[in-house]
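Ready to work through a few exercises on how protein chains meet? Have a look at the model first, then try each task before you read its solution.

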There are 4 protein chains.
Amino acid sequence: MKYILLIDSPDAKGLVYEVTKTLYKYNLNVETNREFVDKENSKFFMRTEFSGEVEVEIDNLKDELKKNLPQNAHIKLTKHRKKDIILMVTKESHCLGDILIRDFGNELDANIKAVVSNYDVLKPLVEKFNIPYFCVPTEGLSRSEHEDRVMDVINSFEFDFIVLAKYMRILSPNFVESYEQKIINIHHSFLPAFIGANPYKQAHQRGVKIIGATSHFVNNNLDEGPIIAQDIKRIDHSFNWRDMQKAGRNVEKIVLSNALKLALEDRIFVYANKTVIL
Amino acid sequence: MKYILLIDSPDAKGLVYEVTKTLYKYNLNVETNREFVDKENSKFFMRTEFSGEVEVEIDNLKDELKKNLPQNAHIKLTKHRKKDIILMVTKESHCLGDILIRDFGNELDANIKAVVSNYDVLKPLVEKFNIPYFCVPTEGLSRSEHEDRVMDVINSFEFDFIVLAKYMRILSPNFVESYEQKIINIHHSFLPAFIGANPYKQAHQRGVKIIGATSHFVNNNLDEGPIIAQDIKRIDHSFNWRDMQKAGRNVEKIVLSNALKLALEDRIFVYANKTVIL
Amino acid sequence: MKYILLIDSPDAKGLVYEVTKTLYKYNLNVETNREFVDKENSKFFMRTEFSGEVEVEIDNLKDELKKNLPQNAHIKLTKHRKKDIILMVTKESHCLGDILIRDFGNELDANIKAVVSNYDVLKPLVEKFNIPYFCVPTEGLSRSEHEDRVMDVINSFEFDFIVLAKYMRILSPNFVESYEQKIINIHHSFLPAFIGANPYKQAHQRGVKIIGATSHFVNNNLDEGPIIAQDIKRIDHSFNWRDMQKAGRNVEKIVLSNALKLALEDRIFVYANKTVIL
Amino acid sequence: MKYILLIDSPDAKGLVYEVTKTLYKYNLNVETNREFVDKENSKFFMRTEFSGEVEVEIDNLKDELKKNLPQNAHIKLTKHRKKDIILMVTKESHCLGDILIRDFGNELDANIKAVVSNYDVLKPLVEKFNIPYFCVPTEGLSRSEHEDRVMDVINSFEFDFIVLAKYMRILSPNFVESYEQKIINIHHSFLPAFIGANPYKQAHQRGVKIIGATSHFVNNNLDEGPIIAQDIKRIDHSFNWRDMQKAGRNVEKIVLSNALKLALEDRIFVYANKTVIL
């Protein structure tokens, strides 16, 4: 049985000692252990994977850890399990398809509970893989009415993360706040360059020699949430914006997959609108 | 109507002039034009995309070009058309899946005529996309008997390229010679490092800090055919060979797709066991 | 004798034909030939290196080319020669040092005529290499007074390019306009992200996973000139802004050197605030 | 006062606990802490930077650590100090120059005690920076005679590492064994591709689309020592081997600098002909 322990805490002397002492006392096997101290802000982060020969009484262990750590330390202690995700898409198939193929090949450590879209374009693709597809069209609905319907669908499932696999509508504060640090987006630029609509057109206009993609948690400032992963691709003057868009798709899908993998493995701490990845 | 003209020839003075003169005389619009001269070997390569307002009489134009070029110049002149491909796979889904998703999203400028495999593992995936799947098991067959059956399947189709999308059997000289410069393979290392079986195990053993993938035309020297495309991914000591394998899949599928795109666009010249890509 | 021909022109049918015809008529050997057509804007760019057995009468050849090209085509035709450059620096040695070492190793195809700085910090380094160093301090001077003195120094030399190798003062419109498309800057971010002061602090604040550097021609909008070259380096949460700054120096110096190389080889066309590099 | 603790040991339960307990008992501040467990080989690696308010009695602390760790654990505990290095070069200036410029700019956390070469080509460069240069020509000497003279020079200094900054002679087993895990080399290929002489010629011959460089500790198998750092550069068919060589120099110097930085910061463990970098 594998467990994952995440601690973020004000920094103090002896924190690793306190944590490992407790795990040792419980006779647990530490598999991997990573720590990071942000000195500037006196913050301590630790991620530990451990296993035990017998079932661990999680609440007891957590209480014991709490006693020995600073008062406002956050402790997250869970049995490792396959996470549940909901995908949101619009019309483009590359990010969605990449996730579906990973799922088919047992490379995605998650259960795809549903795909939600504002169009029915991708329904035939999703249904090939026997995954429920919910089309919530926007016609005749205000933004908040549409989001209410989407939330009705989403909330009918248990899930850990919502993955915006090229969902091309801006989400309202109400929606975003309902799923804090649970919504993972892929933006088709190396943020903070080219925030907003049509980043490839912006990139072409600016004459950059590199394009990129950024996966981030969504917050209420457009394209300004905590960045999880980024990658780039070199281009040259011969790329018009459609060429950039085509070339960028490979970057987008890989960056989104990499970010999702980190989230599914409980490796991401969010702090000061940044991520610490252990 | 778009045409593609490929010329490789001994180098000589005025070759671009001779070609463009002829195209000008035929009142054709040159869309793009790329040349390369290998000085060391006195070889000239040229790729021109052009269009005409009326249908071009290809044979006439070719004859005219021939008259003005060195005697042993090779001229390939074709109307642009969507190419036909056959995929060969074994059990891994990532390269195959990537191509199927591109096809679904109209990002693959090719018709997938069939998928041929030595196993039936990937049949369910391929059939979702309504593409014929031929399983040719190896049991009880000699290598040449098996290849004969595979060739029977393949030869029942018209096609331009065979794509080995992780086909994990070595092909015999007889097979390879039947499809010269038509078989595109993906090898899971940055060749010439780690030729042969289990390159990720070899890479782990060697302790490299970078893994990669190489797409190449297949010839009769294992993993020594002309290289079309390569890419890499940085790793560190924490990757065991299975982690490398997982991380490498993203590189493999992108490199294969990039190489296939170059082939489908008629951009690759093969020369001295190398490629010139225009 | 090697010559370089640069043409930018409105696009028209047969331009490559017209140019190569003329070169053929003059019995010249085309060494390399690259063209690019920006279809959207109907612009044609061509760079040709050629050599002749006898000295070419440049003015005659240029006139002949002019006759056969669209009226408002720009033709630049020069004998290949080693360019002259002036370096401007402030206090950081990495970009300057990289250029000096290239010069020492005969890897820099340019003559460094002088180094101009607002500080004397780098004087000892420059003088090791027997290159004139001019310190123009800013104390007690208005911006325009200071720039006038700098221009007095600069204008006492013949030069092709001014290289801002980490010159940390903003140049006034008057200065910039005096040296149009002659000033090459290195900015320590992947523009257009993090324009202005302290890009590494901005990058740290934003929590990016990639930092970069951009070399561009200077125009009158800060950090918005035509981009010549860019590159990036992956970072993670463990980098504070000083770590980013240190890591970024390697990117900065390589990007600046790459951009300078392109300029020295006459490969850069500037158009619509972008570069076409042939 | 900063200290660095390096432990490699057979893996066992509670190792991090034992180490941090001891540091806690001594009232030391752990600054950073990184561990790695190689499960396959049951090996544990740990690197800890810590500081104390008063001078630490290193021998006492080491003894205490020893008591609590497995019997055959290796413990290296040192006060942090600037390391001493000796550079060996032949004729190329790019790697040497890069190190000299870093030294000038206070970016190199090391003292360059001497530069040793088999030629005097680089003497003028080194002497600009007031560093002793020893030319040990090979003429009229057997390999072992030459190496004896080189060793005489080297051994007249205290040093931590010998950096082969493009030293183009193969070192004998006798030489290599005298400085185990102290000799850092830069090889101009992404090893294990293109071992031996003229890797760029080999790379050109093979038609690769990527070149690279590898920094490694030297052992008695040519180019087969434990790899510390690698990087690559994309190329295409237009690069002849001299172009590759020129382009590769940027990769070589950066990779060597990165590897040297890791060595100077005591971050490298060597194990099973591989490196673990913490």
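## Exercises on the contacts between chains

The interface residues of chain A recur, 100% of them, as interface residues in chain C, so these copies meet through the same surface. Keep in mind that you're looking at a predicted model.

**Exercise 1. Work out which rotation lays chain A on chain C, and which residue of chain A comes closest to the axis.**

Step 1. Turn chain A by 180 degrees, with a shift of 0.0 Å along the axis, and it can be laid on chain C with an RMSD of 0.0 Å.

Step 2. Now look along that rotation axis: of the residues of chain A, A193(A) comes closest to it, with its C-alpha at 2.3 Å.

**Exercise 2. Describe the contact between chain A and chain C: how many residues, how much buried area, and which elements take part?**

Step 1. Start with the residues: 32 from chain A are in contact with 32 from chain C.

Step 2. Next comes the area. About 2600 Å² is buried between chain A and chain C, and carbon and sulfur atoms give 57% of it. On the chain A side, R206(A), K209(A) and H237(A) lose the most area to chain C, together 27% of what that side buries.

Step 3. Then check the polar links. There are 2 salt bridges between chain A and chain C. R234(A) and D231(C) meet in a salt bridge through their side chains, at 2.8 Å from N to O. Across this interface, 17 residue pairs are in polar contact.

Step 4. Now assign elements. Helix 7 (199-206), strand 11 (227-234) and strand 13 (274-277) of chain A each supply at least two residues to the side that touches chain C. Strand 11 of chain A gives the most, with 7 residues.

Step 5. Finally, sort that side of chain A by residue type: 15 nonpolar, 9 polar and 8 charged.

**Exercise 3. Do the same for chain A and chain B: how many residues meet, and which elements of chain A are involved?**

Step 1. Here 20 residues from chain A and 20 residues from chain B make the contact.

Step 2. The buried area between chain A and chain B is about 1800 Å², with 58% given by carbon and sulfur atoms. I101(A), F104(A) and K128(A) supply 32% of the area that chain A buries against chain B, more than any other three residues.

Step 3. You'll find 4 salt bridges between chain A and chain B. One of them joins K253(A) to D98(B), whose closest N and O atoms are 2.5 Å apart. The residue pairs in polar contact across this interface number 5.

Step 4. Helix 3 (94-104), helix 4 (123-128) and helix 8 (241-264) of chain A are the elements that give two or more residues to the side touching chain B. Helix 3 of chain A has the largest share, 6 residues.

Step 5. By type, that side of chain A divides into 6 nonpolar, 7 polar and 7 charged residues.

**Exercise 4. Which kind of axis relates chain A and chain B?**

Step 1. A rotation of 180 degrees, with 0.0 Å of shift along its axis, superposes chain A on chain B at an RMSD of 0.0 Å.

Step 2. The two copies are therefore related as by a two-fold rotation axis.

Step 3. K128(A) has the C-alpha nearest this axis in chain A, 2.9 Å from it.

Step 4. Both copies use the same surface: 100% of the contact residues of chain A recur in chain B.

**Exercise 5. Is E252(A) buried or exposed, and which residues does it touch?**

Step 1. Find E252(A) in helix 8 of chain A.

Step 2. Its relative accessibility is 1%, and under 20% means buried, so E252(A) counts as buried.

Step 3. Leaving aside neighbours within four places in sequence, E252(A) is in contact with H94(A), C95(A), K166(A), I186(A), H188(A), Y200(A) and A213(A). With Y200(A), the side chain of E252(A) makes a polar contact of 2.5 Å.

**Exercise 6. Why is helix 3 of chain C said to be largely enclosed?**

Step 1. List the buried residues of helix 3 of chain C: H94(C), C95(C), L96(C), G97(C), D98(C), I99(C), L100(C), I101(C) and R102(C).

Step 2. That's 9 of the 11 residues in helix 3 (residues 94-104) of chain C, so the rest of the structure largely encloses this helix.

Step 3. Follow the chain onwards: just after helix 3 of chain C, N106(C) takes a positive phi of about 60 degrees.

Terms used
Residues numbered from 1 in each chain as written. Chains lettered and ligands numbered in written order. Predicted model: local features only at pLDDT ≥ 70, side-chain atom pairs only at ≥ 80, totals over all residues. Heavy atoms only, no water. Contact = heavy atoms within 4.5 Å. Buried area = accessible area lost by both parts, 1.4 Å probe. Polar contact = N/O pair within 3.5 Å; in protein donor to acceptor, adjacent residues only side chain to side chain. Helix = DSSP H or I, 4+ residues; strand = E, 2+ residues; numbered from the N terminus. Nonpolar A, V, L, I, M, F, W, Y, C, P; charged D, E, K, R; others polar. Least-squares fit on C-alpha atoms with pLDDT ≥ 70 in both. Buried < 20%, exposed > 50% of the residue type's maximum accessible area, 1.4 Å probe, protein only.
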